[in-house]
There are 2 protein chains.
Amino acid sequence: MAEDSSDHRVRTLGVLGGGQLGRMMGLAGIPLGLGFRFLDPGADACAGATGALEQAAFDDAVAARAMAGRVDAMTFDFENVPDSTARAVEEHCPLYPPPGALGACQDRLVEKTLMDELGVAVGGYHAVSGRTDLLEGVARLGYPAVLKTRRFGYDGKGQAVLRDAEDLERAWQRLGDAPLILEAFIPFAAECSLIGVRGADGDTRFWPLTRNVHDDGILALSRPGGFDSGLQQAAETTMRRLMDHFEYRGVMTIEFFVHGGALLVNEIAPRVHNSGHWTIDGAGCSQFENHVRAVAGLPLGATEMHSQALMFNWVGAFPDRAGILAVEGVHWHDYGKAPRPGRKIGHATVTADSRAELMARAERVARLAGGRFPGLIQQLD
Amino acid sequence: MAEDSSDHRVRTLGVLGGGQLGRMMGLAGIPLGLGFRFLDPGADACAGATGALEQAAFDDAVAARAMAGRVDAMTFDFENVPDSTARAVEEHCPLYPPPGALGACQDRLVEKTLMDELGVAVGGYHAVSGRTDLLEGVARLGYPAVLKTRRFGYDGKGQAVLRDAEDLERAWQRLGDAPLILEAFIPFAAECSLIGVRGADGDTRFWPLTRNVHDDGILALSRPGGFDSGLQQAAETTMRRLMDHFEYRGVMTIEFFVHGGALLVNEIAPRVHNSGHWTIDGAGCSQFENHVRAVAGLPLGATEMHSQALMFNWVGAFPDRAGILAVEGVHWHDYGKAPRPGRKIGHATVTADSRAELMARAERVARLAGGRFPGLIQQLD
């Protein structure tokens with residue numbers, strides 16, 4: 001048999017962050033013959049089930065540097081990697097996606113400015129570094145508008161919708177200490193995301209646009225497919241522009257608003273994303289496997305759907321596992337995390353051959369899961 | 001949200017054996033929220049990547065008993081579990097599949113006798129406990145015939161084809177010390193296997209019959225589908241009879257010869273099987289996940305194919321990983337074992353939407369893999 005012509009040096013990957021995204025990278029990468037090391041401040045970080053866990057703070061450059069010396073390449077499972085940590089890693093091994101993308105995606109203002117430079121459509125925004133800026137911004141964008149921290153916001157945290165001067169005062173009291181950005185409120189028809197991957201050789205692949213339904217700021221449901229090819233093409237063009245700009249390597253996610261029949265970028269994540277979890281069970285190659293393949297320098301896998309799919313997020317508590325697993329076509333994903341209000345602890349993806357079958361199964365799951373799911377799933381019909 | 005009505009006690013599974021089958025059980029079971037412990041004599045047993053590895057001999061009843069006390073249920077990834085070990089485990093926790101099945105499948109003569117009792121078609125056979133038996137057997141079954149050890153044979157080991165008296169003498173010299181069975185040589189048209197699963201509640205599911213091509217006694221290629229529904233039904237009826245007999249729980253495999261348009265049982269394995277590895281990438285629920293679900297008392301998953309699939313076994317050495325991964329639809333499975341002649345170290349499954357596309361891709365993989373693959377794959381066209 002022939003010699004393996006691939007990059008033999010990549011046998012172990014290091015991951016900054018040991019949450020569910022790292023855990024699912026491990027599950028996808030182990031069959032490729034890779035070993036994993038995770039750096040996380042939590043002693044019981046759930047990625048530990050799929051690799052060696054090293055307990056350290058994310059700003060512990062000494063620990064990051066030490067890990068970088070023991071692995072062949074590194075990546076991350078969250079975007080708030082401190083710049084000093086990224087630099088420490090790069091002294092010893094490559095870090096993918098490239099730190100430039102990390103920097104741009106950590107700050108909503110830098111991100112929006114870059115979109116403008118690249119000619120990508122975003123909603124109106126206004127930088128807010130003081131109360132005067134905020135008043136100017138409201139005068140320019142009008143009510144309603146959304147005030148957000150420039151950094152460290154996720155799952156609806158660090159933001160407030162301003163509908164009037166009273167909301168403005170309250171939001172300013174709460175958020176005014178941090179650098180902020182005011183964004184025009186987009187009365188979107190739907191939210192969707194594109195997940196794509198760029199390989200070591202510049203090859204790019206994209207999964208189908210996925211429609212997302214949030215509940216209280218946290219992703220509740222995702223269903224890929226069903227968008228017209230014009231929107232898919234537009235989304236891919238936007239992502240390719242960003243990927244080329246960063247000389248990207250790995251998986252990228254763009255969240256869009258669908259508004260007036262077109263796409264407006266909401267935000268960018270330089271990583272695998274919750275709205276792409278369905279790819280594990282519904283696509284030829286998952287976002288996790290393709291991310292790992294890209295980081296390890298391997299060719300990319302097929303992103304086509306082999307099944308219709310719909311994902312339910314389990315937040316705070318699990319519904320009845322056995323009851324839901326008894327529904328045909330259910331794939332269960334428990335992250336091994338202790339349940340806690342507002343915490344993402346797992347998901348389930350329903351698959352089927354046809355859209356009608358999918359929705360029939362998903363409606364059964366929604367009824368069994370209870371809570372707001374029976375209502376939320378109507379948005380996907 | 002509702003309480004989980006499933007069996008809460010099952011959180012950790014113990015596995016006797018820490019090879020690739022255990023490793024793939026771990027990869028399938030971690031997303032279900034389960035933890036794994038593996039007992040294996042090897043310090044570097046490859047299942048260690050997906051759970052805690054405890055180094056002990058398989059006949060070390062003390063170690064098995066200790067593990068059984070730390071887990072909620074146990075299973076195994078090979079059929080030669082010593083009876084004393086099985087009994088030690090059962091003092092502390094349930095062992096699935098049931099030890100009765102284990103006992104019957106460890107001895108080819110017991111297995112054949114049981115088939116006869118259950119009215120299942122097998123080829124002619126003759127018990128050989130001495131030279132006289134062997135001569136009687138040859139007189140009854142005729143040449144060619146196959147002399148096999150009753151126990152511990154696998155991948156073509158412990159057997160010899162007898163075409164004449166000279167072969168008989170040589171085989172007797174080599175194997176005569178062990179209890180033997182002489183089997184009629186079946187000039188089969190094809191070899192295939194049925195993999196099925198029986199759940200805690202007696203529910204049974206079956207994957208499609210899979211055609212197998214061996215090379216030098218070791219599985220080289222497997223492709224599911226393409227058998228007429230009459231054969232599928234016959235195979236399922238046979239397996240259901242066996243499962244009911246044993247009050248089975250877990251995955252079972254039957255290897256058949258296709259001869260004269262009908263199926264003859266070749267042998268039975270009370271476990272997940274190499275010819276079912278394609279289910280990871282080609283079926284709704286894999287053999288590994290359904291085995292784990294059955295052992296953990298969870299409902300069974302869908303066994304339908306969502307994609308056409310064909311598996312290549314990597315024995316002894318890996319072909320060019322990067323070159324083969326560049327073929328669309330390839331899923332790579334490296335077991336993390338040191339390469340050694342004759343050792344199964346990994347597999348790759350090719351998937352596609354249509355059979356024509358599948359064979360085009362698989363032929364590219366066969367050419368890249370080289371060796372005997374380009375010839376062997378012709379048997380599947």
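Visitor: Which strands and helix of chain A do the buried residues of helix 6 pack against?
Guide: This is a predicted model, where local features need pLDDT of at least 70, side-chain atom pairs count only at pLDDT 80 or more, and totals for chains, interfaces and linings use all residues. Residues are numbered from 1 along each chain as its sequence is written, while chains are lettered from A and ligands numbered from 1 in the order in which they are written. Helices (H or I, at least four residues) and strands (E, at least two) are DSSP runs, numbered from the N terminus. The buried residues of helix 6 of chain A pack against strand 5 (125-128), strand 6 (145-149), strand 7 (159-162), helix 7 (165-175) and strand 8 (180-184) of chain A.

Visitor: Which residues of helix 6 of chain A are buried?
Guide: A residue is buried if 20 or more other C-beta atoms lie within 10 Å of its own, exposed if 12 or fewer, and partly exposed in between, with C-beta atoms placed from the backbone. Helix 6 of chain A spans residues 131-141. Its buried residues are Leu134(A), Gly137(A) and Val138(A).

Visitor: Why are they on the same side of helix 6 of chain A?
Guide: An α-helix has 3.6 residues a turn, so residues three or four places apart point the same way. On the other side of helix 6 of chain A, Thr132(A) and Ala139(A) are exposed. The arc is taken from the directions from the helix axis to the C-beta atoms. The buried residues share a side of helix 6 of chain A because they cover an arc of only 95°.

Visitor: Which element gives the largest share of the side of domain 1 of chain A that touches domain 3 of chain A?
Guide: Domain bounds come from an automatic or database domain assignment; chain A has domain 1 (12-95), domain 2 (124-184) and domain 3 (190-380). The contact (C-beta atoms, placed from the backbone, within 7 Å) takes 17 residues from domain 1 of chain A and 17 residues from domain 3 of chain A. Two or more residues on the domain 1 side come from each of helix 1 (20-29) and strand 4 (73-76) of chain A. The largest share, 7 residues, comes from helix 1 of chain A.

Visitor: What relation holds between chain B and chain A?
Guide: Copies are superposed by least squares on the C-alpha atoms of residues with pLDDT of at least 70 in both. Chain B can be laid on chain A with an RMSD of 0.0 Å by a turn of 180° and a shift of 0.0 Å along the axis. That is the relation of a two-fold axis.

Definitions and conventions
Contact = placed C-beta atoms within 7 Å.
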